[in-house]
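Let's take a walk through a protein fold together. Keep the sequence and the 3D view side by side as you read.

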Amino acid sequence: MVGSAIVIGGGLAGGAVATRLARAGHGVTVLERETGPHEKVCGEFLSVEACEDLASLGLPPERLGGVPIDRVRVHRGRHTVEARLPFLAYGLSRRVLDEALLETAADAGAEVMRGVRVTGIQGYTVLASDQNRESNAILLATGKHDMRAMPRAAPSTKDGYVGFKMHWRLPAPALIELDRSIDLMLLGTGYAGLQRVGTRDANLCLVVQRSQLTRVGGTWEALLADLMPQPAFARLLGSAQPLFAKPLAIANLPYGYVLSGEQDGPEEVWRLGDQAAMTASLSGDGMSVALRSARLAAQSLIQGKTATQFHRQLARHVGPQVRMAMRMQRLSERPIALAAGVLAARLWPGLLTQGAKATRLPSLGRA
């Protein structure tokens, strides 16, 4: 059983695991490098498993202002297919959600330290910008970003992906069209996902292969100009107002990575969220994986398991979802498969519902 823990990173996995451990009576310190609430590159789609895990923490998405989503629309060129999701999902800003999780962790008794940069880990000691700290359990929850001193052993992709995020203020017609829907634009070299995350605001998460970004000029402005003539983009975003001075961006995303057990680095380091498994963002399950990893890590620590045992359990639990999501993403990037898939979905829209079912995480009872 863990006596005290240091959580590096105050995002979804970090805030959730800190809350669970603190509520179980354990000492927890969260080290977050940002000094206050902030945005992160994310699709901001909470699927059913994420909603369940948040509810178990006392944070149902609707209480935080989450926007309900129960339909999916897929666009490819001039073709659009619509179907119902097999569950109720929510759209919610990471700025709001992450802050709520950190506040919940602090209320549970965790010490939340902001503006602290971790520079390394030596054995059971965390080296930080303010002071070094010792703990018998170190949880690494830095999200998509690797900590320089503890990089993941993730293989590089053949054509690396670049991700962008931008919030938009939508005009009334686009708001009505997006009501209770997530819209996916399949690009052949990636995808764009658009959904409401507020009364008038929507989040655009855009993931493309680096070669596509280079082909159009290498900038966000050039990429957006290249995509805007497409009917779905023009209709939904043509009159929208961007809410950030510039988009959030991240490169070299190791989609499909799953830490199977042993890791590079100290055995006492527990990797959570994207540090342990990064599913294809097209499936909309990235936040579910992060929250589920926090739940399993807290259970494992309380039960006295090792980091390796936890990593193996998490790999068994999320591995099938990651593999299925990656198969779907790869097929969406093959012209013939993409054309055939869109045609099949136009003939039978229920294929979209079945696809959403196929990428669900298992219940903890089967973990």
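Which residue's side chain does Arg180 meet in a salt bridge? The partner is Asp70, with 2.9 Å from N to O. Keep in mind that what you're looking at is a predicted model.

**Salt bridges**

Let's stay with that pair for a moment. Arg180 sits in the loop between α4 (172-177) and β12 (181-186), while Asp70 belongs to strand β4 (residues 67-76), so the salt bridge ties together parts that are 110 residues apart in sequence. The two partners have different surroundings: Arg180 is partly exposed, at 32% relative accessibility, whereas Asp70 counts as buried, at 10%.

How many salt bridges does a search of the whole structure find? The count comes to 20. In general, side chains of opposite charge can pair when their charged atoms come close. Here are some of these pairs:

| Pair | N to O distance |
|---|---|
| Arg180 and Asp70 | 2.9 Å |
| Lys40 and Asp98 | 3.2 Å |
| Asp201 and Arg169 | 2.4 Å |

Take the Lys40 and Asp98 pair, joined by a salt bridge of 3.2 Å. Lys40 is in the loop between β2 (27-32) and β3 (45-46), and Asp98 is in helix α3 (residues 94-108), so this pair ties together parts that are 58 residues apart in sequence. Is Asp98 buried or exposed? Asp98 has 5% relative accessibility, so it counts as buried. Lys40, on the other hand, is partly exposed, with a relative accessible area of 21%.

Some charged residues go beyond simple pairs: Arg71, Arg73, Glu82 and Asp183 are linked in a network of salt bridges.

**Strand β14 and its neighbours**

The Asp201 and Arg169 salt bridge, at 2.4 Å, brings us to a pair of strands. Asp201 is in strand β14 and Arg169 in strand β11, and the pair links parts of the chain 32 residues apart. Why does Asp201 count as buried? The cut-off for buried is under 20% relative accessible area, and Asp201 has 19% relative accessibility, so Asp201 counts as buried. Arg169 is partly exposed, at 27%.

Now look at β14 as a whole. This strand covers residues 201-209, and nine of its nine residues are buried. In a regular strand the side chains alternate between the two faces of the sheet. You can follow that here: Asp201, Asn203, Cys205, Val207 and Gln209 point one way, while Ala202, Leu204, Leu206 and Val208 point the other way.

Which strands pair with β14? One is β11 (residues 161-169), which runs antiparallel to β14 and is joined to it by nine bridges. Within that pairing, Gly163 has Val207 as its bridge partner. Another is β13 (residues 190-196), also antiparallel to β14, with seven bridges between them. There, Leu194 is partnered with Leu204. A hairpin of four residues connects β13 to β14.

**A three-stranded sheet**

Elsewhere you'll find an open sheet of three strands, in the order β7-β8-β9, with antiparallel pairing. β7 (118-122) and β9 (133-134) stand at the edges, each with a single partner strand, so one side of each has no neighbour in the sheet. Two bridges join β8 (residues 125-128) to β9, and Val126 stands opposite Arg133 in β9.

**Inside and outside**

Next, let's look at the nonpolar residues. The largest nonpolar core has 78 residues, and Val17, Leu46, Leu101, Leu139 and Leu272 touch the most other members. Helix α8 (residues 286-302) supplies the largest share of this core, with nine residues. What does Leu139 touch? Leaving out residues up to four places away in sequence, its contacts are Ala5, Ile6, Val7, Ile8, Val17, Trp270, Leu272, Ala297 and Leu301. Apart from this core lies another one of 28 residues, including Leu170, Ala174, Leu227 and Ala240.

Nonpolar residues turn up on the outside as well. Leu343, Leu347, Trp348 and Leu351 form a nonpolar patch on the surface, with about 440 Å² of accessible area together. Leu351 is part of helix α11 (residues 350-358), and at 33% relative accessibility Leu351 counts as partly exposed.

Methods. Residues are numbered from 1 along each chain as its sequence is written. This is a predicted model: local features need pLDDT of at least 70, side-chain atom pairs count only at pLDDT 80 or more; totals for chains, interfaces and linings use all residues. Side-chain values use heavy atoms; hydrogens and water are left out. Buried means under 20% relative accessible area, exposed over 50%, partly exposed in between (1.4 Å probe, protein chains only). Two strands pair if DSSP finds at least two bridges between them. Patches are made of residues with over 30% relative accessible area and no salt bridge: like charges are joined within 9 Å, nonpolar side chains (Val, Leu, Ile, Met, Phe, Trp, Tyr) within 5 Å. Accessible areas come from the Shrake-Rupley method with a 1.4 Å probe; for residues, only the protein chains shown count as cover. A salt bridge is a side-chain nitrogen of Lys or Arg within 4 Å of a carboxyl oxygen of Asp or Glu. A nonpolar core is a set of buried Ala, Val, Leu, Ile, Met, Phe, Trp, Tyr and Cys residues joined through side-chain atoms within 4.5 Å. Contact means heavy atoms within 4.5 Å.
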